[in-house]
Amino acid sequence: MSESNTGDGTTENSAVRRPADWEADRLRDLASEFGTPLYVVDPDRVRQNCERLLGAFPDATVDYAVKANTARTVLETVEDAGLGAECASAGEVRRALDAGFAPEEVRYTAVNPPAADLDAVVEWWREGADLTVTVGARTTLDALAERGYDGRLCVRVNPEVGAGHHAKVTTGDAPQFGVPFDDATDAASAASEVGEFVGLHAHVGSGVSGDDLSAHEVLVGRMAMLADELDESPEFVSVGGGFGVPYRREDPPLDLDAVADATRAAFDCDARLVVEPGRYVVADAGILLTEVTAVKETAETTVVGVDAGMTTLLRPALYDAYHEVRSLSASIDDRVPTSCLVAGPVCETADVLGEERVLPEPKRGDLLSVGTTGAYGYEMASTYNSRPRPAVVTLDGETVARRETLADLTRLEGGEQS
Ligand SMILES: *Cc1c(COP(=O)(O)O)cnc(C)c1O
C-alpha cells in the first residue's frame, strides 16, 4: 500500500491510491478464495478519502453522493467519518437511513422523480425523517404538495455552465437538470409556499480537475450571487460534486486544497457551503479482479478475453472511460511486453475494457486487475446476457455482496406484482 502503515497506528493519507499500490499477493488470495470477476473495496481507503475532504473543507458540509457506491460497509464508513448523504432515488434514501445517516443529513435530489419514489420518501418524512428534498422542476413542488409534504426543500438550479470529461457526464447545462437559472428566484418563492425553503443546489457534472477549475469557479460564483439576491437567504448552497480522480498512471492526483481554495474564493455569500463528491470518496478504494479466459493472436493485436465485461464494469462502454489494466500473475518477469485488446464475454463490439494495453505476454488463467473501479463500478453492473453480477468483498475478505447465481437470474419471473 502507498499509505505505508507504520505499525504504530498512524497511516499516511496520500492523495491517491494507484492500482499498483494494492498488494498483489493479497488480491491473488482473494481471487482464489472468492473467484472472479470480483470487486474488492477497502473501507480504510474510503475513510482516508473522507478525512482528506473534511480537512480541505473544514467550514463546509461534505455530503457523499451515494450513487457512486451504495455498499452498506461504504455507507457506514462514510457516515462514521462524518459526511452526510446525497441520494438520487428513494432506494438510495432508504439505504442511507438504514446505514445510520441521520435524516437531517440526508438530501434526496429528485430528478423527474417517479411517483413511487415521492410516495416512499414522503411517507418516511411523515414518520419523522426530517430530510431535505431537492426539486429541479416546479411540477415536482406540485407533486410534493399533493402528497402533503411541507418539509425541507432545496431548489436545484441549472447554472448554465458545463464541465466534464465526456458529454454524457456534463450535467450543468443539460436542460433536464434544475430549474432554468432565470427562474430560480421564483422557484425559491414557490418552494417557500409549499414547505421550508432551505437551500440552493447545482451540480455541473464530473471533471473538476486541476487544470479545469474555471467552470467550477463560475458555477460557485453564480450560485453565491443567486443566494445573495433571494429575499429569504437559504441555509445552504450546494455546489455539487464532480471532483476528479486520476484514472491514468500519468494523471496527477487532484489538488484538493486548490479546489477548496478556489471554491471558497468564489463563494461570496452568507449561506453554508455544501459539496457532494461521489467518485472522489470511493473510486480509488476499489479494484476489479478478472481472469484471462482466452488469448488469441490476430492481424491487428493480441486479443485477451477476460471474464469481466461491460455487464461487470460499464464505464468503458458507456463513457469511453479509461481504467488501468495490470497483470497480477505471479510469473511475469520473463514475459515479453505485448500490446493487447482486453475484451469481455459479451457479444457486443462495445465490450472492451481496454485497447492497446501493454501487458506481460498474457496467458489463459492469468489474473488481471482493472484499477480505480470503486465508483460507478458494481453500481452499474447488470445481468445482460444472463450473466450473474460479480461478488464484492472487502480487502479483509468480508463479503459485501455475494456473487449472483443462475437461480437469482430468474427469481423475479412468474410471481405476483407487488
Ligand atoms: C452524481 C452526482 C454527484 C456526484 O458526482 P461525482 O462525479 O461522483 O462526484 C453529486 N451531485 C449530484 C446531484 C449528482 O447527481
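These legends accompany three close-up views of a predicted model.

**View 1. Helix 6 beside helix 7.** Start with the pair formed by helix 6, residues 138-146, and helix 7, residues 184-194. Their axes lie 10 Å apart and meet at an angle of about 0°. Angles under 35 degrees count as roughly parallel, so helix 6 and helix 7 are roughly parallel to each other. On the helix 6 side, the contact is made by R138, L141 and A145. Helix 7 brings D186, A187, A190, A191 and V194 to the contact. Sorted by class, the contact between these two helices has 6 nonpolar residues and 2 charged ones, with no polar residues.

**View 2. C347 in its loop.** Here we turn to C347, which the "active site" annotation of an unreviewed UniProt entry covers. Look for C347 in the loop that links strand 14 (337-343) to strand 15 (352-360). Is C347 buried or exposed? Its relative accessibility is 75%, and exposed means over 50%, so C347 counts as exposed.

**View 3. G100 and D80.** The last view takes in G100, a residue of the loop between helix 4 (90-98) and strand 4 (106-110). With a relative accessible area of 40%, G100 is partly exposed. That label follows because 40% falls between the 20% limit for buried and the 50% limit for exposed. Also in view is D80, 20 residues from G100 in sequence. In space, the C-alpha atoms of G100 and D80 are 8.7 Å apart.

Definitions and conventions. Residues are numbered from 1 along each chain as its sequence is written. This is a predicted model: local features need pLDDT of at least 70, side-chain atom pairs count only at pLDDT 80 or more; totals for chains, interfaces and linings use all residues. Side-chain values use heavy atoms; hydrogens and water are left out. UniProt positions are given in the numbering used here, feature names are shortened, and annotations may be inferred rather than shown by experiment. Helices (H or I, at least four residues) and strands (E, at least two) are DSSP runs, numbered from the N terminus. Buried means under 20% relative accessible area, exposed over 50%, partly exposed in between (1.4 Å probe, protein chains only). Axes are lines fitted to C-alpha atoms, for helices over the stretch in contact, and angles run from 0 to 180 degrees between N-to-C directions. Angles under 35 degrees count as roughly parallel, over 145 as roughly antiparallel, 65 to 115 as roughly perpendicular and the rest as oblique. Contact means heavy atoms within 4.5 Å. Ala, Val, Leu, Ile, Met, Phe, Trp, Tyr, Cys and Pro count as nonpolar, Asp, Glu, Lys and Arg as charged, and the others, Gly among them, as polar.
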